[in-house]
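This report describes selected local features of one protein model. The sequence and the structure are shown first, and the description follows.

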Amino acid sequence: MREPWPDTYELIDGLRGLAAMAVVASHFGVLDVGHSPVMMFFVLSGYCITASAESCRRGGLSVGQFLWRRLRRIYPPYLFAVAFFACTRLLKVAMGGPNDLSLSVIDWVQNLTMTQGVSMLFVPGLGPADNPTLFVAAFWTLGYELQFYFVIGLCLLLVSRVRMPLAWPMLGLAAIGLAWNLRWPGGWVTGVFLEYWVHFALGACVYFVLCQYPGRIVRIVFVAFLMGFGAMGAWRLDLQAEIDTRVYFELAVSCAFVLALLVLRPFSAAVSRAWWWQPVAALGAISYSLYLIHQFNITLATTIANLVPAPYAVRAVVMLGVPVALATVFWYFCERPFLNQRLSLGASENRVDERRQH
């Protein structure tokens, strides 16, 4: 039987950075990749949060402590980002633009608590990023992420009471989520975690297959599942009716990415030490900050880029460099102070660096 891999997958930071940069490039009109990078985020989040949950469980932390670490990690930078957004909108008003902050109390409460997805229950037919309650369209993913945390917390509570592996309730929910996805492959997006739990659970399965159940049969079954559903997603994808086949496209992307994670795992440590990977890893370190603040600084970045008397390719690099620079400053002052400390579990246990998780 193959020895389990350590919990820490060294390439994840850099892969998250590449996904964040792809989102930025898409929103800035430099690269058209649609929701693909977001699916990568959900898969990576599934791996990281599952590793974190198992680390907390082995270390004797309670469910409340696990949730506190997660909320402490995600909420303060988010609230700083909302404040940053408000400042940019006030500046816009001062320059004669419309007042984008003239919203209802309910809108403010939902945006401050990451519960904007509740509005989707009453607005059928929209994509998750089209939610009119969102201050910033990119924030739609955070509502699902928050729900993932609480569901994982409930799963931890369940397995502590009935003594079962964490994989069981997560896979049970994944089966329900997959049935949900296949029953409504497009159309009504409700903002409920089940819509994207399969993508999150695929990342969790990568953790289980690599770190807890590394046997050959488990891996073969998992790979067969990925190839089967990935092929089905690609087969059912109808480019002429994208909203009706959204789920198939997202499943195909997620399955392909998970297969890539399995293939890359043996090379992770060596690649992470390579000099050419260091800038990618550094980008990964600020990926959450970059994701939080890039979309409401598009006008600023575009204006600065247009001042450069150079071909479009050069201006595009400048345009993408502006949010990276802003995110670096934001990370230092608004995210870095809230990074969780590493859990010490003893010499016989793997250690998960919580600073790599969000």
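## Cysteines

The sulfur of C255 lies 10 Å from the closest cysteine sulfur, that of C205, which is too far for a bond. A disulfide is taken here as a pair of cysteine sulfur atoms within 2.5 Å, and by this rule the count comes to zero disulfides. C211 is likewise in no disulfide, the nearest cysteine sulfur being that of C48, 11 Å away. C255 counts as buried at 1% relative accessibility, and C211 is buried with a relative accessible area of 9%. Buried means under 20% relative accessible area, exposed over 50%, and partly exposed in between, for a 1.4 Å probe and protein chains only.

## Basis of the description

The model is predicted: local features need pLDDT of at least 70, side-chain atom pairs count only at pLDDT 80 or more, and totals for chains, interfaces and linings use all residues. Residues are numbered from 1 along each chain as its sequence is written, and side-chain values use heavy atoms, with hydrogens and water left out.

## Helix α1

Helices are DSSP runs of H or I with at least four residues, strands are runs of E with at least two, and both are numbered from the N terminus. Helix α1 covers residues 12–27, which is 16 residues. From its first C-alpha to its last, α1 reaches 23 Å, close to the 22 Å expected at 1.5 Å a residue; the expected span is 1.5 Å times one less than the number of residues. Helix α1 is mostly covered, with 13 of its 16 residues buried. Just after α1, G29 takes a positive phi of about 75°.

## Positive phi outside glycine

Two residues other than glycine also have a positive phi, and their settings are listed below.

| Residue | Phi | Loop | Relative accessible area |
|---|---|---|---|
| M114 | about 60° | between α4 (105–113) and α5 | 2%, buried |
| R163 | near 55° | between α5 and α6 (167–183) | 77%, exposed |

M114 is thus buried, whereas R163 is exposed.

## Packing of α5 and α7

Helix α5 (residues 140–162) and helix α7 (residues 194–212) pack at an angle of about 70°, and their axes are 10 Å apart. The axes are lines fitted to C-alpha atoms, for helices over the stretch in contact, and angles run from 0 to 180 degrees between N-to-C directions. The angle makes α5 roughly perpendicular to α7; angles of 65 to 115 degrees are given that name, while those under 35 count as roughly parallel, those over 145 as roughly antiparallel and the rest as oblique.

On the α5 side, W140, Y144, F148, V151 and I152 meet E195, Y196, W197 and F200 of α7, where contact means heavy atoms within 4.5 Å. The residues of this contact divide into eight nonpolar, no polar and one charged. Ala, Val, Leu, Ile, Met, Phe, Trp, Tyr, Cys and Pro count as nonpolar, Asp, Glu, Lys and Arg as charged, and the others, Gly among them, as polar.

## Two partly exposed residues

I304 lies in helix α13 (residues 298–306) and counts as partly exposed at 35% relative accessibility. Not counting residues up to four places away in sequence, I304 touches V318 and V322. The C-alpha atoms of I304 and T113, 191 residues apart along the chain, are separated by 33 Å.

F249 is found in helix α9 (residues 246–264) and is partly exposed, with a relative accessible area of 27%. Its C-alpha atom is separated by 17 Å from that of L126, 123 residues apart along the chain.
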